[in-house]
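These are notes for a colleague who is meeting this structure for the first time. Please read them with the sequence and the model open alongside.

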Amino acid sequence: RRRLLWGAIGLIGGLWIANSLALRSVRAPPLTEGANVRAYLDDLVSDARVPGIQYLVVDADGVLFQYAGGWADISEARPMTPETTLMAYSMSKTITAAAVLRLSDEGALGLDDPVSRYVDAFPYGEESSVRQLLAHTAGVPAPIPLRWAHLTAEHAGFDEGVALRRELEKNPGLKSGPGTKYTYSNLGYWLLGPVVESASGRPFSSYVTEEVLTPLGMSPAELSYVVPDPALHATGYVEKYSLLNLVKRFLLDSALIGDYEGRWLRLNPHYVNGPAFGGLVGTAGGFGKFLQDQLRPTSVLFGEDTREVFYRPEHAADGTPIPMTAGWHIAETDGVRHFYKEGGGGGFHCVMRLYPDRGIGTVVLTNATAFDVRGLLDVLDPSFPE
């Protein structure tokens, strides 16, 4: 059964790559004909390649381009609007990293402190540091997180501490020596939640809301850890004719699986178990405000030395470079460097990018699990000049 599961996951990965290549073969519409970008996105939703999309381009001063189209909910015929909220999943990690760096900037924690200083009964010894958790080099195991979710109706009684301890008990040993290699770990970022709580003396979601989101001028309707208005929240979907749909019983809690709506499988409203690794709910506009702050000469979140840490490439203990900073992934598209964070899970897929040399940031949020958001940005982002 385990071999079947991992084989299916590999095939799903291959399908995403094929979809990515197909998108990248499309010529980007030129900005001089700005309506072409909008028409291209209209075609994606009208062809039912994705139920709904939000796409946003910002610079330090304002919004350069904004799009919202398609359906937030297919059966209810609710349109996707700029105010529609979607699950951000792992895109939340960069906001978690910003919270940790703010605490470091304030002197409330040290990035090279052992995690065990902040997390009770930390099972991985004294060597794993806060910085290593941020850069995915702490060696923390990387179990598949798709079952780490609970229905919205269960949220009031959900005990995150119990859920985290249960996963730590299931994964008691390090995957690799601290600092020796890059291993992406949702569990590692989940542990940053109690790190923030211990260092700040506040609940994780309260600290991030009060010290990161509010200073950026965001309302709960733009970014939050709870759905602010169910009537404005998108439904998540899985493609009916996809390998992920075929193996969904292995990967998803059956309580999350809803009914088919045409070529889409509806997923029931839910929250992830760990806000720090994937709990944000919001709009492209909310993430756009965060990107704008990072494009400005001075950030409201932390000082210049700390912001330099936010963008400095990390290395393994032997000096080997890794494509990560303390919170961002690093990549190039057509020779243009950018920092990015992608998020995907039950019914949603999104990514944000920051192009420091071009002075712009971009965000795309969708309510389809396997839609190739990175390929879409590869197509559209070059349309916007420096």
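**Notes on the model**

1. A convenient place to begin is S128, which is found in the loop between α3 and α4. Please keep in mind throughout that this is a predicted model. Is S128 buried or exposed? With a relative accessibility of 0%, S128 lies under the 20% cut-off and therefore counts as buried. Its side chain reaches the backbone oxygen of A138 at 3.1 Å, and A138 also appears among the residues that S128 contacts once neighbours within four places in sequence are left aside, the others being D113, P114, V115, F122, L174 and P178.

2. The helix that precedes this loop deserves a look of its own, together with a partner from later in the chain. Helix α3 (residues 92–105) packs against helix α12 (residues 304–311) at an angle of about 145°, and their axes are 10 Å apart. The crossing of α3 past α12 is right-handed. On the α3 side the contact is made by T94, A97, A98, L101 and D105, while α12 contributes T306, V309 and F310. Sorted by class, the residues of this contact are five nonpolar, two polar and one charged.

3. How is α12 placed with respect to its other surroundings? Within α12, the residues T306, R307, V309, F310 and Y311 are buried. The elements that cover these buried residues include α3, but also α4 (130–135), α11 (284–295), β13 (336–345) and β14 (348–355).

4. Strand β14 leads on to β15, to which it is joined by seven bridges in an antiparallel arrangement. One of the bridge pairs sets R353 against T362 in β15. The hairpin formed by β14 and β15 has four residues between the strands, and G359 there takes a positive phi near 75°. Strand β15 also pairs with β1 (residues 52–58), again in the antiparallel sense, over six bridges, and here Y55 has V364 of β15 as its bridge partner.

5. Why can β15 (residues 360–366) be called largely enclosed by the rest of the structure? Seven of its seven residues are buried, so the description follows from the count. Both faces of the strand are covered, since I360, T362, V364 and T366 are buried on one side and G361, V363 and L365 are buried on the other.

6. A separate sheet should be noted for its strand order. Three strands form an open sheet in the order β4-β11-β6, with antiparallel pairing. Its edge strands, each of which pairs on one side only, are β4 (86–87) and β6 (223–224). Between β6 and β11 (residues 281–282) there are two bridges, antiparallel in sense, and S224 stands opposite V281 in β11.

7. The last point concerns H150, whose place is in strand β5 (residues 149–151). This residue has a relative accessible area of 4% and is therefore buried. Setting aside residues up to four places away in sequence, H150 touches H155, F158, H270, Y271, V272 and N273. With one of these, H155, the side chain of H150 makes a polar contact of 2.8 Å. As a further point of orientation, G344 lies 194 residues from H150 along the chain, and the C-alpha atoms of the two are separated by 16 Å.

Key. Residues are numbered from 1 along each chain as its sequence is written. This is a predicted model: local features need pLDDT of at least 70, side-chain atom pairs count only at pLDDT 80 or more; totals for chains, interfaces and linings use all residues. Side-chain values use heavy atoms; hydrogens and water are left out. Two strands pair if DSSP finds at least two bridges between them. Axes are lines fitted to C-alpha atoms, for helices over the stretch in contact, and angles run from 0 to 180 degrees between N-to-C directions. A crossing is left-handed if the near helix is turned anticlockwise from the far one by less than a right angle, and right-handed if clockwise. Contact means heavy atoms within 4.5 Å. Ala, Val, Leu, Ile, Met, Phe, Trp, Tyr, Cys and Pro count as nonpolar, Asp, Glu, Lys and Arg as charged, and the others, Gly among them, as polar. Buried means under 20% relative accessible area, exposed over 50%, partly exposed in between (1.4 Å probe, protein chains only). A polar contact is a pair of N or O atoms within 3.5 Å; within protein, one must be able to donate a hydrogen and the other to accept it, and residues adjacent in sequence count only if both atoms are side-chain atoms.
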